[in-house]
There are 2 protein chains.
Amino acid sequence: MTSSRRLLLEMLFDLSGHASAEDLATAVQSKAPDVNISTIYRNLEELERLGVVVHAHLGHGPATYHLACESHCHLVCEECGTIVDVPENLFQSLNRSATKRFGFVIDPQHFAVLGRCEACQKPE
Amino acid sequence: MTSSRRLLLEMLFDLSGHASAEDLATAVQSKAPDVNISTIYRNLEELERLGVVVHAHLGHGPATYHLACESHCHLVCEECGTIVDVPENLFQSLNRSATKRFGFVIDPQHFAVLGRCEACQKPE
DNA sequence: GTGCTTGCAAACGTTTTGCAGACTC
DNA sequence: GAGTCTGCAAAACGTTTGCAAGCAC
């Protein structure tokens, strides 16, 4: 357990939710300017292996990382990029039918659901 | 309408489903070696603008492109990478609850659902 | 001939890697 | 002192861009 790892964890608490590796690097660097982004990636990987941190793929942009204990899923607007955090139970019935029809167990924290947020509903 | 565009469309028919830009470039280049990958990207973008083609983000890897008329959604195994094509109606109830609870209309063709396929069910 | 399309090369943003030195225990 | 962790530089990957030459119409 090194100082950069400790700092990274602190920042994960602070910036809770939606932090990209870049965000985390900036945050960590505000307290320890010499911490390199590759260290951030390596530590995130390690923390993920330990089950402390999870990441999600949000469509185009970079992956976001958050603490595993702050478990939630993501809706991302493909128009304005807004991220809506939603509880895992929103996916219950999708999971049930995916399992029943395809034997596939979904991991809803690991991907983002793309679509349109309330404000961007197709205005054509 | 140029020859490289025509070829790209042909390849989209041939490789129907799950073709990355790279795959398509390789396929096109087998018939016309000088077509550059940037041309592939530009034509895919244009075809998408015209509504002929759609793309989906599959987690880590590159985006995949397919004809809009072959509409389907994707389950991707985070273990072995297998892609399972599924009909859009699998997402009906997720869409209903996302709309009702968050005013969010989902676009299920645009993202992949990550999880575990039948063969990779957590063996721990 | 006008204007869109192309190839090439170079850049981009995100993530990963190799290596030698520095740190933790 | 052994072994892990770090900074740095460079590469990898998928994708986008600027530009001048080439093509469709």
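Which backbone atom lies 3.4 Å from a phosphate oxygen of DNA strand D? In this predicted model, a backbone N or O atom of A:V35 occupies that position. The model is read with local features restricted to pLDDT of at least 70 and side-chain atom pairs to pLDDT 80 or more, whereas totals for chains, interfaces and linings use all residues. Residues are numbered from 1 along each chain as its sequence is written, chains are lettered from A and ligands numbered from 1 in the order in which they are written, and side-chain values use heavy atoms, with hydrogens and water left out.

The surroundings of DNA strand D comprise 17 residues, of which A:T2, A:S4, A:T39, A:R42 and B:Y41 are the closest; a residue is taken as near a molecule or strand if one of its heavy atoms lies within 4 Å of it. Of the strand D atoms within 4 Å of the protein, 72% belong to sugar or phosphate, and the rest to bases. Polar contacts are pairs of N or O atoms within 3.5 Å; within protein, one atom must be able to donate a hydrogen and the other to accept it, and residues adjacent in sequence count only if both atoms are side-chain atoms. Besides A:V35, a backbone N or O atom of A:D34 lies 2.9 Å from a phosphate oxygen of strand D, and chain B contributes a backbone N or O atom of A63, at B:A63, 3.2 Å from a phosphate oxygen of this strand. Two or more residues of the surface near strand D come from each of α1 (3–14) and α3 of chain A and α3 of chain B, where helices (H or I, at least four residues) and strands (E, at least two) are DSSP runs numbered from the N terminus. The greatest contribution is that of α3(A), with four residues. By class, this surface holds five nonpolar, seven polar and five charged residues; Ala, Val, Leu, Ile, Met, Phe, Trp, Tyr, Cys and Pro count as nonpolar, Asp, Glu, Lys and Arg as charged, and the others, Gly among them, as polar.

Around DNA strand C, A:Y41, B:T2, B:S4, B:R5 and B:T39 come nearest of 17 residues. Sugar or phosphate accounts for 72% of the strand C atoms within 4 Å of the protein. A polar side-chain atom of B:R5 is placed 2.9 Å from a phosphate oxygen of strand C, and a backbone N or O atom of B:V35 is 3.5 Å from a phosphate oxygen of strand C. A base nitrogen of strand C lies 3.4 Å from a polar side-chain atom of B:S38. Here α3(B) gives the most to the surface, with four residues.

Within chain A, three strands form an open antiparallel sheet in the order β1-β3-β2, with β1 (19–20) and β2 (53–56) at the edges; strands pair if DSSP finds at least two bridges between them. Four bridges join β2(A) to β3 (residues 64–67) in the antiparallel sense, and A:V54 stands opposite A:H66.

Between the protein chains, 36 residues of chain A are in contact (heavy atoms within 4.5 Å) with 36 residues of chain B. The two chains bury about 2,900 Å² between them, 67% of it on carbon and sulfur atoms; buried area is the accessible area (1.4 Å probe) that two parts lose on being put together, summed over both. A:L90, A:F102 and A:F104 supply 23% of the area that chain A buries against chain B, more than any other three residues.
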